[in-house]
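Work through the following exercises with the coordinates open beside you, and attempt each task before reading its solution.

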Amino acid sequence: MAANIHPTAHPYYESHRAAMESAMRQRLDLAGTMLREQAQLSDIDAVRQEVMSEFDIVLTQMPYVGGAASRMSDFFMRLLGFMAISRVLRRHGVALSVIGDIERETYQAQLLSLPEAERLASGDQFMSAENQTLLREQAAQRATASHQQEFPQDFVYEFVEPGPGDKFEFGINYKACGFCKFAASHGDKEVLPNICGLDFVAYAARGIQLERTQTLAGGASHCDFRFSKLSAD
């Protein structure tokens, strides 16, 4: 009789498993009070174990989009863990809006636990002319048929230059979203807007103002990310 074959994570993600699991445990620590008071869950230890087990499943589902050569690999590694939290809380009957609040506040607390100088330096690097050049190059490369054939679960986007009267420094229009594709493949569509909401706290923690009026998850043709530096006041 053949042995059961269990799905495994891609070797790239497996090599980062320890760091991702550590980040998940920190989030669950930060979420403890909210899980009790807002989600009205009592056995937090059991919920933690359930989330970590679900995260094992998410890891095996996480699509490979190029590893270290792709900036989107980091997006998956940082944010797909929230899919595990969402799935578990939904199974416990927690409302989507409450899940969104818990995840957003938890992620913000986690980001703000990092030294401010480190966060702002990361933001400066993202807004730099050098990174904008890289974004243009990667956007063009991801639009090619060969890339989309090799990495069908990847994001597809275009770099947006500001026009006359625009106040943003640069923008990105996401024409295809890896999170949307993931959610469609694994039954997570209802929690997808909560994942989209994490973008605002992620950029704000690095001193970047994100403006966005529409998303693919909301039925639009693209997500319109517009970036500028947050004012000091």
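## Exercise 1: the strands

In β4, Ser228 is the bridge partner of Gln209. The model is a predicted one, in which local features need pLDDT of at least 70 and side-chain atom pairs count only at pLDDT 80 or more, while totals for chains, interfaces and linings use all residues. Residues are numbered from 1 along each chain as its sequence is written, and side-chain values use heavy atoms, with hydrogens and water left out.

**Task.** Starting from Gln209, establish which strands pair with β4 and in which sense.

**Solution.** Step 1: Gln209 lies in strand β3, where helices (H or I, at least four residues) and strands (E, at least two) are DSSP runs numbered from the N terminus. Step 2: strand β3 (residues 208–211) pairs with β4 in the antiparallel sense over four bridges, pairing being assigned if DSSP finds at least two bridges between two strands. Step 3: strand β2 (residues 170–176) also pairs with β4 in the antiparallel sense, over five bridges, and here Asn173 stands opposite Asp224 in β4. Step 4: β2 in turn pairs with β1, again in the antiparallel sense and over five bridges, with Ala176 in β2 as the bridge partner of Val156.

**Task.** Decide how far β4 and β1 are covered, and describe the surroundings of Gln209.

**Solution.** Step 1: in strand β4 (residues 223–229), six of the seven residues are buried, which leaves the strand mostly covered; buried means under 20% relative accessible area, exposed over 50%, and partly exposed in between (1.4 Å probe, protein chains only). Step 2: strand β1 (residues 156–160) has four of its five residues buried, so it is largely enclosed by the rest of the structure. Step 3: Gln209, at 29% relative accessibility, counts as partly exposed. Step 4: leaving aside neighbours within four places in sequence, Gln209 is in contact (heavy atoms within 4.5 Å) with Arg226, Phe227, Ser228, Lys229 and Leu230. Step 5: for one of these residues, Lys229, the separation from Gln209 is 20 residues in sequence and 5.7 Å in space, C-alpha to C-alpha.

## Exercise 2: two helices

**Task.** Compare the end-to-end distances of α3 and α6 with the expected spans, then list what is buried in each helix and what covers it.

**Solution.** Step 1: the expected span of a helix is 1.5 Å times one less than its number of residues. Step 2: for the 18 residues of helix α3 (residues 44–61) this gives 26 Å, and the end C-alpha atoms are 25 Å apart, which agrees. Step 3: for the 17 residues of helix α6 (residues 96–112) the expectation is 24 Å, and the end C-alpha atoms are 24 Å apart, which also agrees. Step 4: in α3 the buried residues are Ile44, Val47, Val51, Met52, Glu54, Phe55, Val58 and Leu59, and their cover includes α1 (11–14), α2 (17–37), α5 (81–91) and α10 (178–186). Step 5: in α6 the buried residues include Val98, Ile99, Glu103, Tyr107 and Leu111, and what covers the buried part of α6 includes α2, α4, α5, α7 (116–127) and α11 (192–204).

## Exercise 3: aromatic rings

**Task.** Characterise the pair formed by Phe76 and Phe179, and place it among the other rings.

**Solution.** Step 1: rings of Phe, Tyr and Trp (its six-membered ring) pair if their centres lie within 6.5 Å, and planes under 30 degrees apart count as stacked, over 60 as edge-to-face and the rest as tilted. Step 2: a search of the whole structure finds 18 aromatic pairs. Step 3: Phe76 and Phe179 form an edge-to-face pair, at 5.4 Å centre to centre and 70° between the planes. Step 4: because Phe76 lies in helix α4 (residues 71–79) and Phe179 in helix α10, the pair ties together parts that are 103 residues apart in sequence. Step 5: both Phe76 and Phe179 are buried, and ring pairs link them into a cluster whose members include Phe75, Phe126, Tyr157, Tyr203 and Phe225. Step 6: Arg78 lies over the face of Phe75, at 5.2 Å from the ring centre, a charge being over a ring if NZ of Lys or CZ of Arg is within 6 Å of the ring centre and within 35 degrees of the ring normal. Step 7: the charged end of Arg212 sits over the ring of Phe225, 5.0 Å from its centre.
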